[in-house]
Amino acid sequence: MLALFGKMEDNTLITNNNPVLKKPSLWPIYCLISFCGLLVIGTMLYVYFTGVRMSTYYTPLIDATMEIKLETAQAHLLLEEIMRGESPADIKEVWELLDAAEWYAQAVLNGNTNSKGTFLPLTNNNMREQIKVISKKLKEFRIITQHRFEASKQSIINSELDQKFHSLFIEIINQSDQVETGLQKMTAHNLRLFRTVKIVLITLCVCFFIVVGLITNSFMRRRVRDQLELQAANQQLAAGNQQLQAGQQQLKALNQQL
């Protein structure tokens, strides 16, 4: 009987000679739920920032390489029209188009902003070298364009200059195509990697939720079992207390008789 008034187990404590249920600690469950929440938030942030990087980094660079080709092609076509007398445009417009092509080349290398968006610097070393070559050829193309325009005004036919003009134009377009294709491949590769990582993270989150659910269910089942065991122990102690009180009353009666 005296053993029942001692410490029963970790989940009980003694108050007024009666065992009372001690509330089980829930901090492991709270930690698991907090970690699960952090994992979900981290996954969402990764998905968001990766998507933003892909849209703000690769897409503008691809647009910039397309603009290099477009501006150079327009300058080439406009010069031909001016020389054939098919366009009333001024040669200054050709220079403006070439300036725009050079601006986009420098924006790819160093980053810049205009009305069409913000361009971040290209980080791939091989592509940077290609853009530097394109920038150099644009300067050569400007010089040859100037010479060809001056020769046309003097009615001087220079077939070698014409061939150089057209071949340099094709080189600029082809090299810009290579950079654009490389950027598109990098975008596709990063998109595949992004999808794979996203699926893995989502799968991990789902698995972790399942594990947390199983652990929580096991914890709650054990808590209910402990409560039932403690209630049974309380009932036994209550019966023991009643027997003890009856014995004390009998002792009092015997004392009175004595």
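Is Phe 165 buried or exposed, and what is its relative accessible area? Keep that in mind as you read these notes on the model, which is a predicted one.

1. Let's begin with the overall plan. The protein contains four helices and four strands. Going along the sequence, you will meet them in the pattern β-β-α-α-β-β-α-α.

2. Now for the surface and the interior. Of the 258 residues in the protein, 32% are buried. The protein exposes about 16600 Å², and 59% of that is supplied by carbon and sulfur atoms.

3. Next, look at which parts of the chain meet. Among contacts in the protein with a separation of 6 or more, 70% are between residues 24 or more positions apart.

4. Leu 61 is a good residue to find on your screen. It belongs to helix H1, which covers residues 27-84. Leu 61 counts as buried because its relative accessibility is 0%, and buried means under 20%. Setting aside its neighbours within four places in sequence, Leu 61 is in contact with Val 108, Leu 120, Leu 122 and Leu 183. You can also check Pro 121: its C-alpha atom is 8.4 Å from that of Leu 61, though the two positions lie 60 residues apart along the chain.

5. Aromatic rings deserve a friendly pause. A pair of aromatic rings is described by the distance of the centres and the angle of the planes. The structure holds six aromatic pairs. One of them joins Tyr 104 and Phe 119 in an edge-to-face arrangement, with 5.8 Å from centre to centre and 90° between the planes. Tyr 104 sits in helix H2 (residues 91-110) and Phe 119 in strand E4 (residues 117-119), so this pair ties together parts that are 15 residues apart in sequence. Both rings belong to buried residues: Tyr 104 has a relative accessible area of 5%, and Phe 119 has one of 4%.

6. Phe 141 and Phe 165 make another aromatic pair, this one stacked, with centres 4.9 Å apart and 20° between the planes. Phe 141 lies in helix H3 (residues 125-153) and Phe 165 in helix H4 (residues 159-257), so the pair ties together parts that are 24 residues apart in sequence. Phe 141 is buried, with a relative accessible area of 1%. Here is the reply to the opening question: Phe 165 is buried, and its relative accessible area is 0%.

7. Finally, go back to Tyr 104 and Phe 119 and add one more residue to your view. Together with Trp 103, they form one aromatic cluster.

Technical notes
Residues numbered from 1 in each chain as written. Predicted model: local features only at pLDDT ≥ 70, side-chain atom pairs only at ≥ 80, totals over all residues. Heavy atoms only, no water. Helix = DSSP H or I, 4+ residues; strand = E, 2+ residues; numbered from the N terminus. Buried < 20%, exposed > 50% of the residue type's maximum accessible area, 1.4 Å probe, protein only. Contact = heavy atoms within 4.5 Å. Areas by Shrake-Rupley, 256 points an atom, 1.4 Å probe, with all protein chains shown as cover. Phe/Tyr/Trp six-rings, centres within 6.5 Å; stacked < 30°, edge-to-face > 60°.
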